[in-house]
Structure formats: structure tokens, C-alpha cells
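Subject: Structure handover and notes

Hello,

Here is the structure you were due to receive from me. My notes on it come after the display.

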Amino acid sequence: MPNAPEVRRAARSLRMRALATLATDPDLPMAADVAAAGLRLSDISEFALDRRDPLLAGADGVLDRATRSVFRRSDMPAATRAYLLAHELAHLHLHSDDEASPTTARLYNDGHEAVERIVGYSPAQRREGEANGFAAELLAPLGIVGKMLCDGLGCGEIASRLGVSESVVLSQLTEALGASNAVDDAVQAAKPPKLPLEAASLDEDQDAAARFKKGPLLVEAGPGTGKTRTLIARIGVLIKAGTPPERILALTYSNKAANELRDRLAVLAPREANRIWTGTFHAFGLDLLRRFGSSIGLPLRPRLLDRALSIEMILDHLDRFSLDAYLHPHNPALGLADLLGAVSAAKDEMIGPGEFMALAAASMTDEVTSDPKAVELARFYGEWDNLLRDTGSLELADLIMRTAEMLETVPDVACRVQAEWPHILVDEYQDINRASARMLKALSGDGSGLWVVGDAAQAIYRFRGASPANVSEFERDYPSGSRILLRTNYRSRPAI
């Protein structure tokens with residue numbers, strides 16, 4: 001994957017070749033002209049489509065390498081159009097080794113995307129960041145933006161003269177401020193990584209866990225025993241042993257823990273950290289469903305719903321649901337949150353609509369457990385699942401459940417993912433739900449590269465389906481698994 005200087009050099013190279021073909025002022029061409037020339041040089045055709053066209057699949061632009069085409073929304077301002085075309089040219093020139101499936105770009109944010117709550121830093125996200133950097137440098141090079149700023153021009157005037165948005169200019173100015181102190185990543189990448197590996201200060205148990213040869217391994221760690229520190233050291237051991245960072249997957253359950261992992265990895269290995277997939281199970285599931293979801297009937301860009309958007313969709317299709325006990329005539333939205341919560345809990349346990357209906361029907365034969373509302377809930381689950389599939393939508397629980405189903409039922413996808421990430425590390429293992437455990441088992445194959453850390457006594461996400469049984473029954477899921485106990489608590493003070 002290219003580093004920042006390589007991305008900028010590639011963009012400047014294409015810009016120089018594009019300027020040579022322009023009849024307009026070569027010293028200060030407009031972004032639209034540069035992007036159009038870049039398309040011609042790259043033998044790419046451009047097609048403007050209605051925003052609802054199925055070829056766009058909800059995106060603002062799509063690069064189809066097979067047909068050498070860029071499809072884009074027809075209602076874009078000139079500056080946005082130029083940036084999108086430059087963004088897609090970046091994918092073509094930087095990521096030519098990617099799979100041949102279309103690459104999508106989404107430049108607008110309606111403020112309601114549930115994806116904003118999903119924490120992760122995936123290879124796909126890194127590719128998008130590289131494409132953004134390429135597009136900015138192609139249309140508004142650092143040197144030109146810096147010179148115009150020194151000449152006394154403001155951000156708005158610079159943007160107007162170049163034909164780009166002010167946000168592009170601001171991003172380039174920010175980059176220019178740090179450029180003088182930047183070290184060439186290409187030179188540094190050729191040197192052996194110097195990692196501040198914490199193993200030297202690890203205790204005996206932590207060191208044994210960090211250097212464990214072959215999984216599956218469960219590191220049992222109580223409060224204050226340094227479980228995250230040991231996980232970070234484990235990643236350092238893998239990198240020092242020659243494991244490419246792109247082959248390491250670090251997962252956790254909460255956004256807070258994911259951010260902490262990312263921050264600490266940046267200290268451990270500054271130049272390798274952004275090449276390690278680090279984030280939550282939900283973020284990773286979303287990434288896989290976007291890449292491989294077509295194998296289970298998902299659209300290229302499935303719509304992700306938060307609770308508010310889910311309720312809004314149900315109200316828009318209320319006639320599809322036979323609600324009685326859960327329906328409030330004066331305010332139909334009341335009760336829908338409870339229904340959605342129950343469905344989400346079922347998905348956390350990998351219980352689909354059919355199995356849920358069977359359980360509800362069975363409960364009606366027992367005088368103790370009989371509850372007519374259970375059958376209504378089961379009917380709602382089935383119809384809600386149909387509506388999600390009909391509209392190509394996903395709710396948060398689907399990001400794990402449907403990913404697990406995909407990996408368990410589509411061997412080709414499972415094999416590709418297992419080969420991509422042979423080393424999987426999980427923090428806060430006690431907080432993952434049963435669906436996450438199923439997804440993890442399908443991800444890890446024989447488990448030889450699986451390394452997890454957790455403590456059943458610390459499970460804090462039971463209300464979200466967390467299953468401490470994943471810790472106590474580790475050997476059930478992984479018969480060849482081993483355990484290491486971190487015995488020293490560094491947080492508590494000595495007894496008085």
C-alpha cells in the first residue's frame with residue numbers, strides 16, 4: 001500500500017502529463033480541466049446518472065475497471081464533480097492490484113449514517129484516505145496552494161481560482177504546514193522497524209503470553225493485570241518476527257477500547273500502526289459485508305440503519321406489520337423500540353426469524369410460558385427481516401450476525417478472509433456476544449493464529465448480549481486451545 005509521499009508523487013506525475021495535453025493556461029488550470037484530461041490519459045469514460053440509478057447503488061460515484069468507466073451523480077457542482085473524478089482516478093492509479101469489482105465513492109453525508117458510530121480503520125478506509133490525498137494533490141498541489149497563500153490570497157479565493165472546494169484547500173494547507181518536518185516514508189520503510197517493544201518490562205506471565213508460539217490462546221487477565229499492554233506487546237512480537245502489519249487483525253467490542261488500542265499501537269509502531277486493521281467487531285463486519293456482501297444478496301452499498309432510522313422505516317411500511325399488542329394507535333412509534341431491542345437480542349444469539357417463530361410457537365403450548373405477545377413479536381421479526389432484505393438495509397446487529405452467516409456458508413469468502421488475516425487478536429473477549437464468537441470462529445479457521453484476552457468477572461456489556469461463557473467455555477469452541485493466567489495485579493495497593 002503506498003505511503004503519503006508516493007501518493008503525492010503519483011498525483012503530481014499524472015497532473016504534469018495532463019497539463020501537457022491542455023490548451024488552457026498550463027500554469028493555473030481549473031480542476032475540472034485537469035480531471036477531464038486525467039480521464040482521457042487513463043482511457044476512462046465518464047457517465048452522469050440520476051442519483052437513484054441502480055448502477056450507483058447509493059454512492060456518489062462508481063469506478064468500474066472492467067468497462068473503464070466512471071459513473072457519477074448528475075447533480076454535482078463542478079468542484080465536487082472534479083474531486084470525485086480525481087478520487088476515482090486515484091483508485092485506478094494507486095490500487096490497480098485491487099479486486100476487479102467496482103470501487104464506490106460517497107462524498108456526501110446526510111448526518112444520519114449509523115456508520116459514524118462504527119469504529120474501525122480498515123484497508124478499505126486507508127484506500128479511501130489515499131484516494132482523497134491523491135485527488136487533492138492532483139487538483140490543488142501543495143506547492144501552488146502554498147504560493148498562493150504566501151501571495152496573500154485567502155482560502156476562498158484560492159479555491160475559486162483552482163476550481164475546488166474550500167475543504168480541499170484547507171486539507172492541503174494543513175498538509176503544507178507539516179510538510180517541512182515530514183520524513184520521507186519511502187526511505188524509512190526500507191529500514192528495519194525500531195519498535196519500543198514493551199516485552200523488556202513485562203512480567204513472566206505477560207512475556208509468556210506475548211511470545212506464545214501457536215494458538216488458539218486465551219489470556220485470562222483480571223483487573224489491573226496489564227491485559228491490553230500484553231496484547232500490544234504481542235503485536236510487537238509478531239511485527240519483529242516479520243509478520244506484515246496488513247496480516248494482523250486487532251478486534252475489540254467497544255468504541256472506547258478500539259480507540260485505546262489504536263492510540264497505543266501508534267506509540268508501539270508509528271509506521272506500522274495504520275497498516276493494522278484495528279477496530280470493533282461491528283466495524284469489521286461492516287467492512288466485510290461491503291466487500292463480499294453480494295455473495296449473500298446484499299447490494300454494493302447496503303444502507304446502515306441506527307435505531308431512529310429503523311423506526312422511521314417501520315412507520316413508512318406500517319401496513320406490512322400485523323401489530324396489535326405492541327401498537328399504540330395514538331403514537332405508533334411507542335413500542336417499536338422494544339420490538340427492535342428484542343430482535344437485536346435474538347440476533348446477538350444468532351437466532352433467525354424462523355427459529356424465533358418456532359420458539360414462540362412452542363412457548364404457547366406451555367401454560368407457564370404462554371404469552372400471545374411472543375407470537376406477535378416473532379411475526380414482526382420475520383416481516384422486519386423481509387423489509388431489511390427488500391431494501392438492502394442492515395441494522396447494527398446484522399453487521400455481526402450476517403457476517404457470521406456469510407463466513408459460515410460461503411467457503412470462498414471465508415478462505416479469502418482467513419488468508420488475509422492469519423493473526424487475529426481480541427481484547428476484552430469477555431464482552432463479545434455469541435454472534436461475535438461465531439464470527440470469530442469462522443474468521444480464525446483452525447485457530448492457530450488466534451490470541452484473545454479476557455476475564456469473565458469483568459463482563460460489562462451483558463445488556464448488549466455479552467456472553468462471559470465465551471471465556472469459561474473457550475475449549476469448547478477451540479478444543480486445541482491453551483490458557484495463560486496473568487497473576488499479578490498492578491492496580492491494587494498492598495494491604496495495610
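What follows is a walk through the fold, a few helices and strands, and some backbone details.

Please keep in mind throughout that this is a predicted model.

Overall make-up

The protein has 21 helices and 13 strands. It is 496 residues long, and 50% of these residues count as buried. Among contacts with a separation of 6 or more, 76% join residues that are 24 or more positions apart.

Helix 16

Helix 16 covers residues 372-390. Its 19 residues should span 27 Å at 1.5 Å a residue, and the end C-alpha atoms lie 28 Å apart, which agrees. The buried residues of this helix include Ala374, Val375, Leu377, Phe380, Tyr381, Trp384, Leu387 and Leu388. Glu376 and Asp385 are also buried.

What do the buried residues of helix 16 pack against? Their partners are two strands, strand 9 (303-305) and strand 10 (393-395), together with helix 13 (307-316), helix 14 (336-348), helix 15 (353-363) and helix 17 (398-409). Just after helix 16 comes Gly392, with a positive phi of about 65 degrees.

Two helix pairs

Helix 17 also packs with helix 12 (residues 281-292), at an angle of about 55 degrees and with the axes 8 Å apart. An angle that is neither under 35 degrees, nor over 145, nor from 65 to 115 counts as oblique, and helix 12 and helix 17 are therefore oblique to each other. The crossing of helix 12 past helix 17 is left-handed. On the helix 12 side, the residues that meet helix 17 are Phe281, His282, Gly285, Leu286, Leu288, Leu289 and Phe292. On the helix 17 side they are Asp398, Leu399, Ile400, Arg402, Thr403, Met406 and Leu407.

The other pair is helix 1 (residues 4-19) with helix 3 (residues 78-94), where the angle is about 110 degrees and the axes are 11 Å apart. Since angles of 65 to 115 degrees count as roughly perpendicular, helix 1 and helix 3 are therefore roughly perpendicular to each other. Helix 1 makes this contact through Val7, Ala10, Leu14 and Arg17, and helix 3 through Leu89, His93 and Leu94.

Strand 6 and its neighbours

Is strand 6 largely enclosed or open? Of its 5 residues, 4 are buried, so strand 6 is largely enclosed by the rest of the structure. It pairs in the parallel sense with strand 12 (residues 450-454) over 4 bridges, and Val219 has Val453 as its bridge partner in strand 12. Strand 6 is also parallel to strand 13 (residues 482-486), with which it pairs over 5 bridges. In strand 13, Leu485 is the bridge partner of Glu220.

The loop that lies between helix 9 (204-210) and strand 6 (217-221) contains Pro216. The peptide bond from Gly215 to Pro216 is cis, with omega near 5 degrees.

The hairpin of strands 2 and 3

Strand 2 (residues 61-64) is covered on both faces. Gly61 and Leu63 are buried on one side, and Val62 and Asp64 are buried on the other. Strand 2 pairs with strand 3 (residues 69-73) in the antiparallel sense, over 4 bridges. Val62 has Phe71 as its bridge partner in strand 3. The hairpin has 4 residues between the strands.

Arg68 sits in the loop between strand 2 and strand 3. Its phi is positive, at about 55 degrees, although Arg68 is not a glycine. With a relative accessibility of 31%, Arg68 counts as partly exposed.

Other positive phi values

Most residues other than glycine have a negative phi, and most peptide bonds are trans. Against that background, two further residues may be worth a look.

Glu428 is not a glycine, yet its phi is positive, near 55 degrees. It is found in the loop between strand 11 (423-426) and helix 19 (434-444). Is Glu428 buried or exposed? Glu428 has a relative accessible area of 18% and is buried, as the cut-off for buried is under 20%.

Asp43 follows helix 2 and has a positive phi near 60 degrees. Helix 2 itself runs over residues 31-41, and its buried residues are Ala31, Val34, Ala35, Ala37, Gly38 and Leu39.

Regards

Notes:
Residues numbered from 1 in each chain as written. Predicted model: local features only at pLDDT ≥ 70, side-chain atom pairs only at ≥ 80, totals over all residues. Heavy atoms only, no water. Expected span 1.5 Å × (residues − 1). Buried < 20%, exposed > 50% of the residue type's maximum accessible area, 1.4 Å probe, protein only. Contact = heavy atoms within 4.5 Å. Pairing = 2+ DSSP bridges. Axes fitted to C-alpha atoms, helices over the stretch in contact; angles between N-to-C directions. Left-handed = near helix turned anticlockwise from the far one by under 90°.
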